[in-house]
Amino acid sequence: MTGRSALGRTIAVACLAPAAWLTWRAASGDLGANPIETVEHATGAWALRLLLATLAVTPLRRLAGWHAIAAQRRTLGLFAFGYATAHFLTWSVLDNGLDFAAIIEDIGKRPFVTVGFTAFVLLIPLALTSTRASIRRLGKRWITLHRLVYVAAALGVVHFFWLVKKDLRPPLVYAAVLAALLGVRVALGYSKSRSSTVRRPSARAFSMARSQSPRTASESGVATRSDVLNPDRPRT
Amino acid sequence: MAHLLRILRPSDARTRDITDLGLHLRRREFLTGAAAIAGAALIPACSRDEGLAVAASSESGAPDAVTPKDKATEYNNFYEFGTDKTDPARHAGSLRTRPWTIAVEGEVAKPGMIAIETVLTAFPRQERVYRLRCVEAWSMVIPWLGFPLGDFLKRFEPTSRAKFVQFETLVDPAQMPGQKRNVLEWPYREGLRIDEAMHPLALFATGMYGADLPNQNGAPLRLVVPWKYGFKSIKSIVKVRLVEQRPYTTWAASAPDEYGFYANVNPDVDHPRWSQRRERRIGDFAKRPTLPFNGYADEVAPLYAGMDLRKNF
């Protein structure tokens, strides 16, 4: 499927590259003075970057007309989940040595861990339901369920914000990209709703896609069931 | 300095336990003067009074191994050169450490400027192997070369109104590129209570690992206060001011709920965003328990007798 197209292969290789680079650095003892922290930060950053990349698919398709990219959203999403899992395991196993008392205390007591952990947990059902069979079985509920990606991405950015000690520039970059990607959705949805006969409530920033019919959902910038199943079909 | 000359207890970490053997055997090369030798031979066991030593070595059973020099010189928090921990090693080459003078002012009978060359000749260097605990829950063991801060201060004759000492780092964005942005309010400032500053463990360091300080570690002169979180140990000092009121200190002013004036290492007082109960010794895989006052409780806890350390964190 996605793996067979040249674009799919390119994206898979690009997504694997950071992991390969980290592995190479680990093997050659080049992870710096605090290797666990280096791996923790790198896997966390790539989870967030790829999560934002999945959110860029719809704007790329709608605004740039790059329809082929739609088929790669699942690849991007699954790699985001892969890096998030690596990040979580690095933190829980390597950093905390599976000290469950410490892990649970951190999740409960430290807001930045709480939001990071929540973001990770939210990604689990999305990864589990990423198969075609799940898409078919869940139907419209699949769309609803997968809107959790917005929450996960937002929590991921907050997680990064609350982690840094003083220099807020790096998390601000992620926040700006997330805001832009969500803003595009709002703008696309808003321009559509202005021209549609049924005016929809405006307080829909995050759930712009919530719509009465698959058709309006598609045109407000969020995938429908048919988008997901036939991603290469050009939209009118 | 009679209190330095005391008998080691079995639980004390000795220099040869926590110093690389070659370095240990060569240590006298770094020393000038009999007083320095006496001091170094007993470091870090220069406790003043009786009680259990709380060296990390006695807790874990394993001695405190000196952190490899390349780790200690490539993993630094020195925001004057950037906020990433690898930035200082990459950008500190632009710092010029000669000529360098330190202004001493405020509540002293003899204020004045002192050149770094004078500092290096007037105060014999001793080697002291100290644990360094960062507020970010990592730690190192570093062999410093320096002299007691108290010796430096006494030269300028603090008055009876000198209740605190404030230190300032150089400000020059041309040499310190990180200062082009106001991540912190420059100059970086830190401070101690006068009794903390006069404590024999408080060190003015000009070297480490048997050589002069690398720029990224705070050349040419830095503070080392081993029982406090690392941010108290201000680097590249150009001004020392003795004052009557508690002075402005950079991190405490920047985030008062997260960083206190005292900043004593304390496993029982968490940073609001992370636990201080454990730390990762750079080079180790598993974390280790953090010790009260970074393992120097015997020596320094009496300074804080009667104080609520949760309130005065």
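Helices, as the term is used here, are DSSP runs of H or I that hold at least four residues, numbered from the N terminus. That convention fixes where helix H1 of chain A ends, and just after H1(A), Gly29(A) takes a positive phi of about 65°. The structure is a predicted model, and the account below begins with chain A before turning to chain B.

Chain A contains 11 helices and zero strands, and its pattern along the sequence reads α-α-α-α-α-α-α-α-α-α-α. The chain has 236 residues, of which 31% count as buried. When contacts between residues at least 6 apart in the sequence of chain A are considered, 63% of them join residues at least 24 apart.

The opening helix of chain A, H1(A), covers residues 6–27. Its 22 residues reach 30 Å from the first C-alpha to the last, which is close to the 32 Å expected at 1.5 Å a residue. There is nevertheless a bend of about 35° in H1(A) at Ala17(A), and a proline, Pro18(A), follows within four residues.

Helix H2 of chain A, residues 35–64, is a partner of H1(A): the two axes come within 11 Å and cross at roughly 175°. Angles over 145 degrees count as roughly antiparallel, and H1(A) and H2(A) are therefore roughly antiparallel to each other. On the H1(A) side the contact is made by Cys15(A), Pro18(A), Leu22(A) and Ala26(A), while H2(A) supplies Pro35(A), Val39(A), Ala42(A), Trp46(A) and Leu50(A). By class, this contact has nine nonpolar residues, with no polar and no charged ones. Pro18(A) thus appears twice in the description of H1(A), as the proline that follows the bend at Ala17(A) and as a member of the contact with H2(A). The general geometry of an α-helix is relevant to such a contact: with 3.6 residues a turn, residues three or four places apart point the same way.

Further along chain A, helix H5 comprises residues 111–128. Its 18 residues should span 26 Å at 1.5 Å a residue, and its end C-alpha atoms are 26 Å apart, so the two values agree. The buried residues of H5(A) are Val113(A), Val115(A), Gly116(A), Phe117(A), Ala119(A), Phe120(A), Leu123(A) and Leu126(A). What covers them includes four helices of chain A, namely H3 (73–95), H4 (100–109), H7 (140–146) and H8 (148–163).

The contact between the two chains takes 10 residues from chain A and 14 residues from chain B. On the side of chain A that touches chain B, the residues divide into three nonpolar, three polar and four charged.

In chain B, several loop residues merit attention. Asp64(B) is placed in the loop between helix H4 (56–60) and helix H5 (69–74) of chain B. A residue is buried if 20 or more other C-beta atoms lie within 10 Å of its own; Asp64(B) has 23 such atoms and is therefore buried. Asp64(B) and Val129(B) are 65 residues apart in sequence, yet their C-alpha atoms are 9.5 Å apart in space.

Two cis peptide bonds involve prolines of chain B. One runs from Arg98(B) to Pro99(B), with omega near -10°, and Pro99(B) is in the loop between helix H6 (87–91) and strand E1 (101–106). Another joins Ala219(B) and Pro220(B), with omega about 0°; Pro220(B) is found in the loop between strand E8 (211–212) and strand E9 (222–224).

Positive phi values also occur in chain B at residues that are not glycine. Tyr209(B) has a phi of about 50° and is found in the loop between E7 and E8. Phe293(B) has a phi near 55° and lies in the loop between strand E12 (288–289) and helix H11 (297–300). Tyr209(B) is buried, because 23 other C-beta atoms lie within 10 Å, and Phe293(B) is buried with 23 other C-beta atoms within 10 Å.

Met198(B), in the loop between helix H9 (194–197) and strand E7 (203–208) of chain B, is partly exposed, with 18 other C-beta atoms within 10 Å. Leaving aside residues up to four places away in sequence, Met198(B) touches Gly150(B) and Leu153(B). The C-alpha atoms of Met198(B) and Lys154(B) are separated by 8.9 Å, although these residues are 44 residues apart along the chain.

How values were computed: Residues are numbered from 1 along each chain as its sequence is written. Chains are lettered from A and ligands numbered from 1 in the order in which they are written. This is a predicted model: local features need pLDDT of at least 70, side-chain atom pairs count only at pLDDT 80 or more; totals for chains, interfaces and linings use all residues. Two residues are in contact if their C-beta atoms, placed from the backbone, lie within 7 Å. Ala, Val, Leu, Ile, Met, Phe, Trp, Tyr, Cys and Pro count as nonpolar, Asp, Glu, Lys and Arg as charged, and the others, Gly among them, as polar. Helices (H or I, at least four residues) and strands (E, at least two) are DSSP runs, numbered from the N terminus. The expected span of a helix is 1.5 Å times one less than its number of residues. The bend at a residue is the angle between axes fitted to the seven residues ending there and the seven starting there. A residue is buried if 20 or more other C-beta atoms lie within 10 Å of its own, exposed if 12 or fewer, and partly exposed in between; C-beta atoms are placed from the backbone. Axes are lines fitted to C-alpha atoms, for helices over the stretch in contact, and angles run from 0 to 180 degrees between N-to-C directions. Angles under 35 degrees count as roughly parallel, over 145 as roughly antiparallel, 65 to 115 as roughly perpendicular and the rest as oblique.
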